[in-house]
Amino acid sequence: MRREQVIVVKLGTSVLTGGTDKLDKAHMVELVRQCSELKKQGHQVILVSSGAVAAGREQLIKPCGRGLIDKQMLAAVGQGQLIHIWQSLFALYGINVGQMLLTRADVDDRERYLNARDTLNALLSHDVVPIINENDAVATSEIKVGDNDNLSALVAILANANKLLLLTDQEGLFTSDPRTNTDAKLIDEVTHINDELRQLAGGSGTNLGTGGMATKLQAADVARRAGVEVIIAKGAGNNVILKCMSEQLPGTRFLKLTAPKDGRKKWLMAGPKSTGQIMIDAGAIAALQNKGASLLAKGITNAFGRFERGDLIDLIDTNNHVIARGLTRFNQVEVNKIKGAHSEQIGELLDFDSGAVVLHRDDLVLL
């Protein structure tokens, strides 16, 4: 007997419009039917739905541009229309939906993150399908997640989901761009995301959406580190959502990694953008990865950016690869003063003593 799972389904603009300038309501009905079938099987479904700007453009008679203000205006017009369509289509199957509009600020702040998580869980507990989108009508570049691929990864972490389905206009991740190379082969399964794999991801497939394969790779990397299996598949495929739950798995599957059990560490993965970087040496990396150690000043070689005590920063190696992220106990100026120093020297170097640990093990998550 299959265990009940929480499934996040991300639907890109190209999937919802079929590559046109209008929402493809016939295909939306088909997607809703598949979600209904998942619910009949005992699973919980969350939709992360693009399409507000496209819905708004469809509503307006007067043409408008593609600048930020125009898109925010179209999102304001289209978001109500979009949720109304989803509400009407799910009602055909006797399913209620609830709308959640999120911004980066909702996951950066720990209290707002917990509030969003509680709302999401409450909707699921009442058998309601959450329909989630970024709050494009008011979001600025400072508070935007940036695209619904990465938003869906954050939602998957919020919901403690089992699977994230990134449905797009491509069949999955290929060895090269299938639009220009007929010899490109579909990659069925990914166990490790490296620089070579990132180079395979190109730009946005259409001019309708904001995401491309690169953002899907970013989203997959974030979600799988939180213990979520990720599948990239073609949204127009026959029974694509149901096949993602079966052995007829379409597209590219990204195997999940062992996730931290601590909810606060999951928030560190999903939450605030880092404000700086601390470069550490090989000995410090080994201590963090193999011994469960905290970061001491002795293992630090440099600090970059501007950050204060309590800010989230990335720990990087000498090749600028991110090793971990966490909350620092010193600001950037102080870190550069004590880098490479033994613990007993810190008080003398800073004229105060606040301990030897720069990032405590409890305040960091390994990547």
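## Strand β2 and the α6–α7 packing

Strand β2 and strand β4 (residues 129-134) run parallel, joined by two bridges. The model is predicted. This briefing covers β2 with its partner strands, then a pair of helices.

**Strand pairing**
- Within the β2–β4 pair, Val48 stands opposite Ile132 of β4.
- Strand β1 (residues 6-11) also pairs with β2.
- The β1–β2 pairing is parallel and spans six bridges.
- Ile7 has Val45 in β2 as its bridge partner.

**Burial of β2**
- Is β2 mostly covered or mostly open? Strand β2 (residues 44-49) is mostly covered, with six of its six residues buried.
- Gln44, Ile46 and Val48 point one way from the strand.
- Val45, Leu47 and Ser49 point the other way.
- Residues on both sides of β2 are buried.
- Val48, which stands opposite Ile132 in β4, is one of these buried residues.
- Val45, the partner of Ile7, is another of them.

**Helices α6 and α7**
- Two packed helices are described by the angle and the distance between their axes.
- Helix α6 (residues 110-125) packs with helix α7 (residues 148-158) at an angle of about 75 degrees. Their axes are 9 Å apart.
- Angles of 65 to 115 degrees count as roughly perpendicular, so α6 is roughly perpendicular to α7.

**Who meets whom**
- From α6, the contact takes in Tyr113, Ala116, Arg117 and Leu120.
- From α7, Val155, Ile157 and Leu158 meet them.
- By class, this contact of α6 with α7 has six nonpolar residues and one charged residue. Polar residues are absent from the contact.

Terms used: Residues are numbered from 1 along each chain as its sequence is written. This is a predicted model: local features need pLDDT of at least 70, side-chain atom pairs count only at pLDDT 80 or more; totals for chains, interfaces and linings use all residues. Side-chain values use heavy atoms; hydrogens and water are left out. Axes are lines fitted to C-alpha atoms, for helices over the stretch in contact, and angles run from 0 to 180 degrees between N-to-C directions. Helices (H or I, at least four residues) and strands (E, at least two) are DSSP runs, numbered from the N terminus. Angles under 35 degrees count as roughly parallel, over 145 as roughly antiparallel, 65 to 115 as roughly perpendicular and the rest as oblique. Contact means heavy atoms within 4.5 Å. Ala, Val, Leu, Ile, Met, Phe, Trp, Tyr, Cys and Pro count as nonpolar, Asp, Glu, Lys and Arg as charged, and the others, Gly among them, as polar. Buried means under 20% relative accessible area, exposed over 50%, partly exposed in between (1.4 Å probe, protein chains only). Two strands pair if DSSP finds at least two bridges between them.
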